[in-house]
Amino acid sequence: MDVRVLLISALLALVSHVRAKTDSNECIYAKTCGECIQVGPQCVWCKDPDFKPSRCDNQESLEKAGCTLSGIENTRGSLTIDKNKSVTNRKAVDKAVKLDVSEITQIQPQKLTLNLRSGEPQKFNLKFKRAEDYPIDLYFLMDLSDSMLSNLENVKKLGTELAKEMQDITSDLRIGFGSFLEKLVMPFILTTPKYLKNPCFPGDCTAPFTYKHVLDLTSDGQKFSDEVSKQRTSGNLDSPEAGFDAIMQAAVCTSEIGWRNVTRLLVFSTDAGFHSAGDGKLGGIVRPNDGKCHLQNNMYNMGNHLDYPTISQLADVLSENNIQTIFAVTKPFQSLYEDLSALIPKSAVGTLSDSSTNVMRLIVDAYTSLSSELNLENSKLPDGVSISYVSHCKNGVSQKGENGHKCSNISIGDEVNFDVEITTVGCPSKGQSQTIKIKPLGFSEEVEVVLNFICECECHKEAIPNSPECTSGNGALECGVCRCNEGRLGRLCECSRDEVLTEDFDANCRKDNSTNICSNNGACVCGTCECKIRENPDEKYSGKYCECDNFSCDRSNNKVCGGHGKCDCGKCICDANYTGSACDCPLDTSTCLGSNGEICSGRGTCKCGECTCTDQNFLGKTCEDCKDCLKYCTEHKDCVQCRAFKIGDKKDTCAKECGNFNLKMVKKKEDLTQPLCKERDANDCWFFFTYPTKKGNTFEAHVADSVECPSGPALIPIVVGLVAGIVLIGLALLLIWKLLMVVHDRREFAKFEKEKMNAKWDTGDNPIYRSAVTTVVNPKYEGQ
């Protein structure tokens, strides 16, 4: 493919990416179907031959624009599970039956294929279940300096006792042994022949060595005890040991050690520190450690030639070989190895007692701690590819982000799940597949994920080479558009490479030697800018370099140039009677005229059709409203009175104090414009004038020549009325008294009449007369 075409495609993709932040639809800038599907999952392509609008857009827009359903190319990503063996459920089988390692599955699925489209994530679920009775390989790596003599005695019993101690965890335990001391060069050991044979002279110990593999991994605990019993300590000069050399060889020499593809434990036991990369220079060793196996007759034969490994080398090698490390160290070096453990994945630190009597419990506890933590890791991702995890652990605990690939407190038989999402941006590897691995740290099983990148549409396979549609066959008709042959450019491959500068064929499309092609608003075709077409047909780019537009000017009332002008290359050209950056300032002053016919009533300036009052005593639309009218009128009353009528308190000093008043007289108050001042003069009459307007140092006002004076009182009518009122009030009182007396007399007479009629005596007798004669009748007298 033409290199220039690729470069144009890359530039267009870059323009599309930059403009995506400001334009609502970034799809429309793609020129080929391949570019279109790289913009984002929302973009689809129309391959109809006669389709004129932008071919890359969202599906709804393309359908509205007339693209047929059969013409829409919408290649999507997909996911296929290639290997999906279920996790082992020991409850469903006889636990007495010992399963082979190949028959045990702890993670599901085992292999997937993902077809990735840019910006479209593919999601899948991983299930992990700790299998019961899972085999364990344990390699015991011991410091055999003379100070570890008492510890060696306890390790001799490790083989058989450890198998008993871990029988609840696994029935398939294999254990091996190796030892280490120091590099056989000064200043680490004495190199005289006598001390090379017996560095403990005059005591007795074995010859020094760097690392020695003693026993392959075996299930025979007694054999372990026998081999360890044969070991003797040795000696060296300095305190740190060559433990890193031993760990490296124990990790990479998998066949020599006998590692199986099961849980691998490396127990590192010492009572000293360690040498690391760079320390070998003290003995003249400058070659970096190569991370390869160098065992000859079970002895490390490159200790005097290769430097100590770096910590990062150890971390990578242990992780790659799924080895979990347990540092069993004495208390003085506990903090040192805890710092080292923080840098090595799936490692733990335990403290040895003085004689290592607790080594058994230390190993069991450390293994339990390590195996209860599940941490997924993935291999290096291709450029542009990202991965995220969401964990669903025990007791309904879910985590995402940094902790999304972790679960804690996992016991044997527990099952946890992870949601994995993989996304790519762009097409990092066109036409190629890449494979990544996802695995739980410290476990041998892994998930293989094959990544296929969708870089071209399906219609790419139907391309017509040398199509006559592409200017005399100068390109292939692909997905409805031309993909030009070598040496041709343009939408229809109409341009020749010779028509543009060979070194920089976009030079004619760069303004002022800028790096932006066509101001990022168009594409360079044959050295000429073809400006982009916007979704709104009224919005257009223009200019030789597409540097101008008619829509990015200042706005007012949500209209470009306020609706009172046109936008030309980012600046407003305003209509007559309008100004301002957004043509939002009218020059017409009619809206500022006050009732007196003056602009802002003579008390302000008119700007953009609105008054700005210069007299602080006035406000309002035309500066006609005073803040305190009564006070303002009273303040100027005396000067107006003395100037207009030659009276008042300032009549004698009028020329001096009120000489700056310029008054205009009118006949009556109706001839004055509003607002008015009404004040009382020295003759107790009302006179009227307008609010004085200050112009410079002069006050101007209009004064009504006529005044309103109150008329005198009519005394005779008042006196007559007063006398008549008194007489009338007196007569009214007499009449009321007479009426009351008549009513009283009538009531008394009626009362008398009533009593008279009720009398019970003869009117001819004296009611108080009593006779002087008293007659007594004898009651016994019978008339004889």
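## Pockets, cavities, sheets and a surface patch

By class, 5 nonpolar, 5 polar and 7 charged residues make up the lining of the second largest pocket. The model is a predicted one. This pocket, the second largest, has a volume of about 360 Å³. Its lining comprises 17 residues, and those nearest the centre of the pocket are K83, I104, Q110, E445 and E446.

K83 also has a place in a sheet. In the pairing with β6, K83 stands opposite K111. Strand β4 spans 78-83 and is an edge strand, pairing on one side only. Its partner β6 covers residues 111-116; the two run antiparallel and are joined by 5 bridges. The sheet that holds them is open and has 6 strands, with the order β4-β6-β22-β21-β16-β19 and mixed pairing. The other edge strand is β19 (406-407).

Another open sheet has 3 strands in the order β2-β1-β3, with antiparallel pairing. Its edge strands are β2 (56-57) and β3 (72-73), each of which pairs on one side only. Strand β1, residues 44-46, runs antiparallel to β2 and is joined to β2 by 2 bridges. In one of these contacts, V44 has D57 in β2 as its bridge partner.

Enclosed space is treated next. Rolling a probe the size of a water molecule over the atoms shows where empty space is left. The count of cavities of 30 Å³ or more is 3. The table sets out the largest and the second largest.

| Cavity | Volume | Lining by class |
|---|---|---|
| Largest cavity | about 100 Å³ | 7 nonpolar, 5 polar, 1 charged residues |
| Second largest cavity | about 40 Å³ | 4 nonpolar, 3 polar, 1 charged residues |

Which residues lie closest to the centre of the largest cavity? They are R130, Y134, T263, Y367 and F443, out of 13 that line the largest cavity. The lining of the second largest cavity consists of L318, S319, N322, I323, P345, K346, L441 and G442.

On the surface, V719, V723, V727, L728, L731 and L734 make a nonpolar patch of about 570 Å². One of these residues, V719, belongs to helix α15, which spans residues 715-757.

Note on methods: Residues numbered from 1 in each chain as written. Predicted model: local features only at pLDDT ≥ 70, side-chain atom pairs only at ≥ 80, totals over all residues. Heavy atoms only, no water. Patch = residues over 30% accessible without salt bridge, like charges linked within 9 Å, V, L, I, M, F, W, Y side chains within 5 Å. Areas by Shrake-Rupley, 256 points an atom, 1.4 Å probe, with all protein chains shown as cover. Salt bridge = Lys/Arg side-chain N within 4 Å of Asp/Glu carboxyl O. Helix = DSSP H or I, 4+ residues; strand = E, 2+ residues; numbered from the N terminus. 1 Å grid on protein atoms, 1.4 Å probe; cavity = no way out; pocket = protein on both sides within 12 Å on 5 of 7 lines; lining within 4 Å. Points joined across faces, edges and corners; volume = space filled by probe spheres on them. Nonpolar A, V, L, I, M, F, W, Y, C, P; charged D, E, K, R; others polar. Pairing = 2+ DSSP bridges.
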